[in-house]
Amino acid sequence: ESQGEGLKPKNDVLRVLVDHARRHRQTSRSVQKSGLEFLPMHPNEWFDMVLKVMEAAEHTTLWNDPRFVERVVEAHFSLEAHKEGIQFLNEASDRGVLLTPRTLDFARSGKNDNFDFSQFHLVEDQ
């Protein structure tokens, strides 16, 4: 890391934030009870946080990590941002990211009746 770059976010922190966004209803209740005011409370605040995490992840190895893509898509769908989740899925696929079957399951569960899922390449089960 060069001096001018500042501190780069740790991948683990970005993963945790996306995981909390995926479970935003449960997390928001816990935040209310505990009085921790630094975490989002409302879905639109969680969505904004996910966008910031995505922006930070773009410059890390997470950006092309199939499991991170899965979590981001799941977070979008959990936040009722289906269109944005599909857009991120398309962009990840265009970058050559191999997608997990679960990622496509989330996409299929959304409001995408006319969406062609055959274009995506899946991670081979290990």
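Good morning. I begin with glutamate 91, which is found in helix α5. What I am showing is a predicted model, and this residue is a convenient place to enter it. Is glutamate 91 buried or exposed, or something in between? At 35% relative accessibility, glutamate 91 counts as partly exposed, because the partly exposed class lies between 20% and 50%. Glutamate 91 also belongs to a negative surface patch, together with Glu55, Glu58 and Asp94.

Let me now step back to the chain. The protein chain has six helices and zero strands. Read from the N terminus on, its elements therefore run α-α-α-α-α-α. The protein chain has 126 residues, of which 41% count as buried.

I turn next to the aromatic residues. How many aromatic pairs does a search of the whole structure find? The search finds one. The pair consists of tryptophan 63 and phenylalanine 88, with 5.6 Å from centre to centre and 65 degrees between the planes. Why is this arrangement called edge-to-face? The term applies because the angle of 65 degrees is over the cut-off of 60.

Where do the two partners lie in the chain? Tryptophan 63 is in the loop between α3, residues 43-57, and α4, residues 66-78. Phenylalanine 88 is in helix α5, residues 82-94. The two are 25 residues apart, and the pair links distant parts of the chain. Both partners are on the buried side of the classification: tryptophan 63 has a relative accessible area of 11%, and phenylalanine 88 has a relative accessible area of 1%. Helix α5 thus carries the buried phenylalanine 88 as well as the partly exposed glutamate 91.

The charged residues come next. The structure holds six salt bridges, and I shall describe three of them in detail.

In one of them, arginine 22 is joined to glutamate 74, with the closest N and O atoms 2.8 Å apart. Arginine 22 lies in helix α1, residues 11-22, and glutamate 74 in helix α4, so this bridge ties together parts that are 52 residues apart in sequence. Arginine 22 and glutamate 74 are both buried.

Another salt bridge is formed by glutamate 70 and arginine 102, whose closest N and O atoms are 3.8 Å apart. Here glutamate 70 lies in helix α4 and arginine 102 in helix α6, residues 101-109, so the pair ties together parts that are 32 residues apart in sequence. How accessible are these two partners? Glutamate 70 is buried, with a relative accessible area of 10%, whereas arginine 102 counts as partly exposed at 39%.

Arginine 102 appears again in a salt bridge with glutamate 74, where the closest N and O atoms are 3.5 Å apart. This pair, too, links distant parts of the chain, with glutamate 74 in helix α4 and arginine 102 in helix α6, 28 residues apart. Why does glutamate 74 count as buried? Its relative accessibility is 12%, and buried means under 20%. Which residues do the shared partners bring together? Salt bridges with partners in common join Asp19, Arg22, Glu70, Arg71, Glu74 and Arg102 into one network.

My last topic is the loop between α4 and α5. Glutamate 80 has its place there, and its phi is near 60 degrees, a positive value in a residue other than glycine. Glutamate 80 counts as exposed, at 51% relative accessibility. From C-alpha to C-alpha, glutamate 80 is 9.8 Å from asparagine 44, while in sequence these residues are 36 apart.

Alanine 81 lies in this loop as well. Is alanine 81 buried or exposed? At 7% relative accessibility, alanine 81 counts as buried. Alanine 81 and proline 43 are 38 residues apart in sequence, with 9.7 Å between their C-alpha atoms.

To close, I return to three points. The chain has six helices and zero strands. One aromatic pair joins tryptophan 63 and phenylalanine 88. One network of salt bridges includes Arg22, Glu74 and Arg102. Thank you for your attention.

Key. Residues numbered from 1 in each chain as written. Predicted model: local features only at pLDDT ≥ 70, side-chain atom pairs only at ≥ 80, totals over all residues. Heavy atoms only, no water. Phe/Tyr/Trp six-rings, centres within 6.5 Å; stacked < 30°, edge-to-face > 60°. Helix = DSSP H or I, 4+ residues; strand = E, 2+ residues; numbered from the N terminus. Buried < 20%, exposed > 50% of the residue type's maximum accessible area, 1.4 Å probe, protein only. Patch = residues over 30% accessible without salt bridge, like charges linked within 9 Å, V, L, I, M, F, W, Y side chains within 5 Å. Areas by Shrake-Rupley, 256 points an atom, 1.4 Å probe, with all protein chains shown as cover. Salt bridge = Lys/Arg side-chain N within 4 Å of Asp/Glu carboxyl O. Lys, Arg positive; Asp, Glu negative; His and termini not counted. Charge placed at Lys NZ, Arg CZ, Asp CG, Glu CD.
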